Amino acid sequence: MSRHILVTGAGSGIGAAVAATFAADGWTVTGVDLREPQLRESLACLATPARMLVADLSDPAAPDRMVREAWEAGGPVDALVNAAGIYPARAFLELDAQVWDQVQAVNVRAPMLATRAFAELAIGAGRPGSVVNISSGSALRARPGAAHYSTSKAAVEMLTKAAAIELGGAGIRVNAVSPGFVTVDSTANPVTEEYAAAVAVNPLGRRGRPGDIAAAVAWLVSPAAEWVTGSIVRVDGGASAGTTTLPAHWPELTDVQAPAGATSMTSEGAAL
Ligand code: NAP
């Protein structure tokens, strides 16, 4: 029997790549997004016929309804990928309750409510399941104009861990992929080239592609990752490992005087 995956944000960018990757592997896909034309176009390209659900996930009732509709119409759901997200730039002094709440609602509350509904149905049916949330390098590293977004992604990472420890006993794994900068040409989340050039720096030297993230999601959902839960997999060309933009050389400390009687060390670390 075909496996069934529910993917939010399937109309664009990373969510669309996740839907395409699983469809190519024979999965039945239910794709969810805000705008119907974009979602329809994205799902029409898949290798297997897909189901479409149009929903505004900032509505508190929508995530639960989405999961139940997908389950009823397409059969039991085996995996849920929460990829819908928004990242509107807003300077800290210009933040207000409206933009703050919208970002938390789409980026954190919706994955929480969808995961809760999915877990409830899976447990009721006695089935295992897998959830993958899409986090961001912003969860670890603040940047100007993104306090609301970074906070939402830090929360998604803790949501992932908290859900994992409570649902593991029922055979439901919850993990996250944390992408570095990925070129998606999003209409919902436009970024300037100046910003992209600055944020995309990483040791592997190229920008991320949606398929890089989808491949990690596919691994997390697969049986190969059956002992992985509560993990945040960073797929970012090494960006979170450290910085490449600092000088590699600095003055040697030849003038430092050791205190009288102190033991000094060679460069290899052996005591003299
Ligand atoms: P994207 O191409 O804009 O995809 C995001 C999707 O979410 C869009 O299809 C958008 O729909 C949908 N969406 C937005 N608000 C929604 C709502 N209220 N209800 C339902 N769907 C909604 O952006 P992306 O870059 O692929 O982002 C996907 C995920 O990756 C996000 O969680 C983002 O935070 C994360 N991420 C992206 C990057 C990156 O560099 N691209 C890096 C780190 C993390 P509409 O287009 O119809 O508005």
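**Notebook: ligand site, second pocket, cavity**

I began at the ligand, where I found a polar side-chain atom of Ser12 placed 2.4 Å from one of the ligand's oxygen atoms. I note at the outset that this is a predicted model, and I read each distance below as computed from it.

**Ligand site**

I then looked for further polar partners of the ligand, and Tyr87 offers a polar side-chain atom 2.6 Å from an oxygen atom of the ligand, while a polar backbone atom of Val182 stands 2.7 Å from a ligand oxygen. I checked how covered the ligand is: on its own it would expose 880 Å², and the protein buries 96% of that area.

I listed the surroundings next, and the shell around the ligand holds 31 residues, with Ser12, Asp33, Tyr87, Tyr149 and Ser186 coming nearest. Sorted by class, the shell consists of 16 nonpolar, 11 polar and 4 charged residues. When I asked which helices contribute, I found that α1 (13–24) and α5 (147–167) each give the shell at least two residues.

**Second largest pocket**

I turned to the second largest pocket, for which I recorded a volume of about 430 Å³. Its lining numbers 22 residues, and those nearest the centre are Ser130, Arg173, Val221, Ser222 and Pro223. Two or more lining residues come from each of α1, β5 (129–134), β6 (172–179) and α7 (210–221), and I noted that α1 also supplies at least two residues of the ligand shell. By class I counted the pocket lining as 10 nonpolar, 7 polar and 5 charged residues.

I followed up Val221, one of the residues nearest the pocket centre, and placed it in helix α7. Is Val221 buried or exposed? I class Val221 as buried because its relative accessible area is 11%, and the cut-off for buried is under 20%. I also took one C-alpha separation from Val221: Pro203 lies 18 residues away in sequence and 27 Å away in space.

**Cavity**

How many cavities of 30 Å³ or more does the structure hold? I found 1, and the largest cavity encloses about 40 Å³ of space. The residues that line this largest cavity are Thr8, Leu57, Pro63, Met66, Asn82, Ala84, Val106, Ala110, Pro111 and Ala114. I sorted this lining into 8 nonpolar and 2 polar residues, with no charged residue. Helices α3 (62–74) and α4 (97–125) each supply at least two of the lining residues, and the largest share, 4 residues, belongs to α4.

I stayed with α4 to look up Thr115, which is found in that helix. A polar atom of the Thr115 side chain lies 2.6 Å from the backbone oxygen of Pro111, and Pro111 is one of the residues lining the largest cavity. Thr115 has 6% relative accessibility and therefore counts as buried, given the limit of under 20%.

**Gly237**

My last look-up was Gly237, which I located in the segment after β7 (232–235). At 24% relative accessibility I entered Gly237 as partly exposed, because that class runs between the 20% limit for buried and the 50% limit for exposed. Gly237 and Gly9 stand 228 residues apart along the chain, with 23 Å between their C-alpha atoms.

Key: Residues are numbered from 1 along each chain as its sequence is written. This is a predicted model: local features need pLDDT of at least 70, side-chain atom pairs count only at pLDDT 80 or more; totals for chains, interfaces and linings use all residues. Side-chain values use heavy atoms; hydrogens and water are left out. A residue is near a molecule or strand if one of its heavy atoms lies within 4 Å of it. A polar contact is a pair of N or O atoms within 3.5 Å; within protein, one must be able to donate a hydrogen and the other to accept it, and residues adjacent in sequence count only if both atoms are side-chain atoms. Accessible areas come from the Shrake-Rupley method with a 1.4 Å probe; for residues, only the protein chains shown count as cover. Ala, Val, Leu, Ile, Met, Phe, Trp, Tyr, Cys and Pro count as nonpolar, Asp, Glu, Lys and Arg as charged, and the others, Gly among them, as polar. On a 1 Å grid over the protein atoms alone, a cavity is a set of points where a 1.4 Å probe fits but cannot get out, and a pocket is an open set with protein on both sides within 12 Å along at least five of seven lines; lining residues have an atom within 4 Å of a point. Grid points are joined across faces, edges and corners, and a volume is the space filled by probe spheres set on the points. Buried means under 20% relative accessible area, exposed over 50%, partly exposed in between (1.4 Å probe, protein chains only).
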